[in-house]
2 protein chains.
Amino acid sequence: MASPRRVGAETSKTRATLLDGTEQLILEAGYAAVTYRNVAAKAGVTGGLVQYYFPTLDDLFLALLRRRSDANLERLLAALEERPDEPLRIIWEFNTDETSAGLMMEFLALANHRKSIRSEIAEVTRRARKVQVDALAARWPQYASSAEGLSPGSLLFLMATVPKMMLLEESVGIAAAHHDVLRLVEQYLDSVEPTRAPRRMQTKRPAKRKSPARRRHGSST
Amino acid sequence: MASPRRVGAETSKTRATLLDGTEQLILEAGYAAVTYRNVAAKAGVTGGLVQYYFPTLDDLFLALLRRRSDANLERLLAALEERPDEPLRIIWEFNTDETSAGLMMEFLALANHRKSIRSEIAEVTRRARKVQVDALAARWPQYASSAEGLSPGSLLFLMATVPKMMLLEESVGIAAAHHDVLRLVEQYLDSVEPTRAPRRMQTKRPAKRKSPARRRHGSST
DNA sequence: GTCTATACGGCGATAGAC
DNA sequence: GTCTATCGCCGTATAGAC
């Protein structure tokens with residue numbers, strides 16, 4: 001039925017390089033800049049070769065989305081295991097990661113007119129949400145009292161959604177009240193999830209786990 | 001400097017029809033479906049004529065965005081004047097409007113790779129935010145006590161942003177915790193903004209101002 | 001398994017005919 | 001005010017070289 005076209009191996013180094021370049025391209029110029037010719041130029045190969053590994057652009061986007069979200073999920077699980085006493089801070093930081101949020105927003109936009117992306121986005125989001133909501137539910141008494149009617153799901157929705165919306169707005173140049181919101185959240189985090197070293201010299205938050213700098217290779221960040 | 005190309009009159013009826021069709025096209029199939037050929041086919045004219053009125057696709061998108069956001073702002077101002085005692089409910093309803101939110105999300109996505117859209121989106125968002133934040137600030141004592149550190153700006157951010165994020169997620173098929181969040185918000189609205197008829201027979205919210213149904217012509221909804 | 005060359009129809013955009 | 005012709009770039013498909 002489906003075309004018996006030949007496709008490059010998933011373990012190919014070239015394939016990984018193409019994915020790296022595509023990711024960079026999306027971050028720099030938006031998903032619309034992802035064309036066979038652009039991706040090929042970035043990697044110094046021909047367009048046909050890109051097509052050899054990714055027969056359609058959907059295949060390329062999908063591979064990229066999967067690679068990125070698998071890495072993200074791993075990162076999330078590692079952090080939750082490493083700092084079991086502050087899941088909410090981890091959730092906030094996880095959803096504040098600029099690179100991932102930027103990429104995810106591009107994919108969300110892509111989802112509007114590429115069905116294959118839509119279902120995959122829904123799937124990976126559900127997976128990530130489940131991990132996070134379970135982490136909150138496990139220590140729910142700690143958070144339950146903070147607002148009447150609050151559930152693990154709704155708290156997670158806010159903590160996952162608000163930073164993404166802030167990043168989205170910032171990307172078009174709107175920053176109204178973002179600072180206020182940030183203060184509000186940090187205040188809330190301090191109250192429901194006091195850190196082991198309760199007071200620092202500054203009002204600064206405890207350091208991020210890792211620099212969010214863009215590495216060229218995909219398995220981190 | 002700029003090209004001295006000929007452009008159709010802004011008052012043209014054909015022009016308005018083209019805008020209507022484009023809006024419909026975006027809602028049905030995403031902004032990527034907006035091509036001269038598609039828009040022309042929908043209106044039963046030739047692609048060249050569409051280009052006569054909108055020399056570039058940017059011009060078309062921009063005209064659409066302006067028309068829609070002007071209408072929205074008018075609608076918002078009218079509602080605030082009509083029900084001066086419940087600005088927060090109005091803000092929530094305003095940002096929950098499906099058609100507008102869907103359109104705005106498409107434009108937000110578009111903004112990622114069309115600079116002209118980006119700046120216009122920022123501009124209209126700022127205008128709408130200002131109207132809303134002023135409405136809240138005017139009766140701030142009523143809301144100030146609900147959470148420590150809450151400011152008109154941050155409350156508005158949440159009330160404007162949360163429903164949009166819910167609609168965005170729903171559009172890709174995610175509904176996790178949305179019901180919980182909705183309950184939470186309604187509970188909050190009831191507490192800080194009790195309606196004049198304080199208790200109904202049902203738990204139902206007071207009726208929406210207007211059906212959000214899609215009209216063919218753009219000056220409403 | 002990897003990679004190149006070439007072809008096709010649809011696209012945005014431009015210039016200019018009617 | 002309306003419409004056609006044309007240009008260069010796009011995704012995609014295929015055939016075949018190494």
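This tour moves from the surface beside DNA strand C to the nonpolar cores and then to two aromatic pairs.

The model is predicted, with local features requiring pLDDT of at least 70 and side-chain atom pairs counting only at pLDDT 80 or more, while totals for chains, interfaces and linings use all residues. Residues are numbered from 1 along each chain as its sequence is written, chains are lettered from A and ligands numbered from 1 in the order in which they are written, and side-chain values use heavy atoms, with hydrogens and water left out.

Select DNA strand C first, and then the 18 residues that surround it, a residue being near the strand if one of its heavy atoms lies within 4 Å of it. The closest of them are Arg6(A), Thr46(A), Arg37(B), Gln51(B) and Leu57(B). Of the strand C atoms that come within 4 Å of the protein, 50% belong to sugar and phosphate.

Next, show the polar contacts to the phosphates (pairs of N or O atoms within 3.5 Å). In the side chain of Thr46(A), an N or O atom is 2.6 Å from a phosphate oxygen of strand C, and for the side chain of Arg37(B) the corresponding distance is 3.3 Å. At Leu57(B) the partner is a polar backbone atom, 2.8 Å from a phosphate oxygen. Now colour helix H3 (47–53) of chain A and helix H2 (36–43) of chain B, the elements that give two or more residues to this surface; helices here are DSSP runs of H or I with at least four residues, numbered from the N terminus. H3(A) contributes the largest share, 4 residues.

Turn then to the largest nonpolar core, which has 108 residues; such a core is a set of buried Ala, Val, Leu, Ile, Met, Phe, Trp, Tyr and Cys residues joined through side-chain atoms within 4.5 Å, where buried means under 20% relative accessible area, exposed over 50% and partly exposed in between (1.4 Å probe, protein chains only). Phe61(A), Phe107(A), Phe61(B) and Phe107(B) touch the most other members. A second, separate core of 9 residues includes Leu76(A), Leu80(A), Phe94(A) and Ala135(A).

Finally, select Tyr52(A) and Tyr53(A), whose ring centres are 4.8 Å apart with planes at 65 degrees, so the pair is edge-to-face (centres within 6.5 Å; planes under 30 degrees apart are stacked, over 60 edge-to-face, the rest tilted). Tyr52(A) is partly exposed at 33% relative accessibility, whereas Tyr53(A) is buried at 10%. In chain B, Tyr52(B) and Tyr53(B) also form an edge-to-face pair, at 4.9 Å and 65 degrees.

Methods
Polar contact = N/O pair within 3.5 Å; in protein donor to acceptor, adjacent residues only side chain to side chain. Phe/Tyr/Trp six-rings, centres within 6.5 Å; stacked < 30°, edge-to-face > 60°.
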